[in-house]
Structure formats: structure tokens, C-alpha cells
Amino acid sequence: MPENMLDFFYDLSKTIIRFPETEAGMEAIATDFRSVAGFPDVIGCIDGCYIYIRKPAHKIRSTYINRHDLLSMTLQGICDAKRRFLDVCVGYPSRIHDSRVFSLSPISNELPGISHGRYHLLGDAAYPLREYLITPFKDYGNLSHKERTYNLKHCQTRVKIENCFGILKQRFRQLTRLDFFHVERMFKFLIACCTLHNICINENNTYISDDEEDDPDLNVVDEMRSSQLSTTGGSQSTRNAALRRLGELKRNDIAEGFMQ
């Protein structure tokens, strides 16, 4: 794809990949998600996926080695229930953990304002539990019926982002391995693919059948990934603990609601 075309799609992405700006738009997304498994007030599902690459020019190979010993960069995505991207963050080496990628991405600071104290994203256990980012209960073999029910509904809803990544890679087979030399070109190409993905969905171009998407049961293992959120100093640690407590209270309220 020519460089000027990549620049065009990068500029276009700012209007194609975004959260709704109105309350009605947010409520419409939450309603779509509620119809999946009954999970309330969800405005997106978040996860990261590996995009395999060749070693970028003038970069240190080891910084791009992921846990599978392969070269890759991370595509962090947030999608709605229609598997349309609402936010993407691209460019970080996959040696960096998902929680660290999230903390470095602009959306981590924007979410409290976007959520308006009501809405939230769904993420797996790699992410920090917050009032605006709800994660599953960690399963050490002693979960209650209420917690197991919550985790099931969480997984059934959150799998939309796994499906989204799967469809993206089916549409654009070059994403199986990017054969570019420079990180900037990889970044722009990924943004272009995500933008075209959204345009296809907006135009009802859904040639990929549901049978070809990821099986939710195969993604349950993601719920077991331990959170590695780093803290810097006592004040930041105290703030994170308070934010986590708010997330725990909200998660418990949601789990209680499923039992009624």
C-alpha cells in the first residue's frame, strides 16, 4: 500500500475508530452488549493480540520477542458488540505485558471521563480491576456459584474482542506476518486495516461466517493470566488500591444482580 494511502487511512481513522460522543450512542452499545449474555453497562471489550513481524530496522531484536519466542508487536483493541473497533493502540513491542501496554496507551487516562461513572469495559485478568474496567474473579478452585455465573457471563461477552481480532486477520491475511522494515509503516498499515475493518462492518460487509470465528471456550485460558500492573511509589500504590476497591464493589454488585 503506497505511503500516501496509509496517511489517508491514518487521518480517516480518527473519525472511523472512536467512541460515541452522545449518551444515546453509549446506551446503544450497552444495549447491544446486554443482549449477548445480560452483562450490564458494557461499552467495550478490551484485549491485546500479537501481530507477527520481521525485525524492525535499527531496533533491538530481543525487545520484540514475545512469550512464544517470536517477533511481534501488540495491537491493543477495544470493540463494541458488533465487533467494530472503538479504540486501537499499536506499536508497542510484545515483550511488554498487556497491562503495561494499557497503562501507556492514551485510553487509560481517557476512560474515567468516557465511562461517566456508570459504564465500563470488560477485560481479562491481565488488566487492572477498576470501576471503569471490570475483570473476572480469579479462579483458585474455590469460586462460589455467584462468582462462576459472573465469570461465565463475563467470558461470553468479552469474547467479542477475540472474534474481532480473528475477523480482522481473516480479512487482511498480510497480518499473519508483516513484512515491513520500519515500525512507523507497520503502525500505519495496522491502523489502515482496522479502519477498513470498521468500514466493512458499517457497510454490512460480513462475508466471514460465525463458524470461522474463535471458539469462546478456547479463550477461557485468557482469564487465568495474572495481572502484572506496576506501581511507582507509595502514593501511586495507595491510589491504585483505592481504584481497585471501587472496581471490586462494582463487580460484586453486578455478580449479585445475576442472582436475582
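**Note on salt bridges and a strand pair in a predicted model**

1. The side chains of E248 and R245 are joined by a salt bridge, with N and O 3.3 Å apart. Both residues belong to helix α7 (residues 234–258), where they are three residues apart, about one turn of the helix. E248 is partly exposed, at a relative accessible area of 22%, and R245 is likewise classed as partly exposed, at 45%.

2. The structure is a predicted model, and the remarks here should be read accordingly. A search of the whole structure returns 15 salt bridges. As general background, side chains of opposite charge can pair when their charged atoms come close.

3. A salt bridge also connects D47 with R158, and the closest N and O atoms of this pair are 3.4 Å apart. The contact links distant parts of the chain: D47 is in strand β1 and R158 is in helix α5 (residues 145–171), 111 residues apart. Are these two residues buried or exposed? D47 has a relative accessible area of 2%, and therefore counts as buried. R158 is buried too, with a relative accessibility of 1%.

4. R118 and D41 form a further salt bridge, in which the closest N and O atoms lie 3.1 Å apart. This pair again links distant parts of the chain, the two residues being 77 residues apart. R118 is in the loop between α4 (107–115) and β4 (120–122), while D41 is in the loop between α2 (23–37) and β1 (42–52). The two partners fall into separate accessibility classes: R118 is partly exposed at 34%, whereas D41 is buried at 18%. The value for D41 is to be read against the cut-off, since buried means under 20% relative accessible area.

5. Which residues are linked with R118 and D41 in a network of salt bridges? The network consists of E23, E27, D41 and R118. The bridge between R118 and D41 described above is thus to be viewed together with E23 and E27.

6. Strands β2 (residues 72–79) and β3 run antiparallel and are joined by seven bridges. Within this pairing, C79 stands opposite F85 of β3. The hairpin of β2 and β3 has five residues between the strands, and R83 adopts a positive phi near 65° there.

7. Why is strand β3 (residues 85–93) described as largely enclosed by the rest of the structure? The description applies because eight of the nine residues of β3 are buried.

Notes
Residues are numbered from 1 along each chain as its sequence is written. This is a predicted model: local features need pLDDT of at least 70, side-chain atom pairs count only at pLDDT 80 or more; totals for chains, interfaces and linings use all residues. Side-chain values use heavy atoms; hydrogens and water are left out. A salt bridge is a side-chain nitrogen of Lys or Arg within 4 Å of a carboxyl oxygen of Asp or Glu. Helices (H or I, at least four residues) and strands (E, at least two) are DSSP runs, numbered from the N terminus. Buried means under 20% relative accessible area, exposed over 50%, partly exposed in between (1.4 Å probe, protein chains only). Two strands pair if DSSP finds at least two bridges between them.
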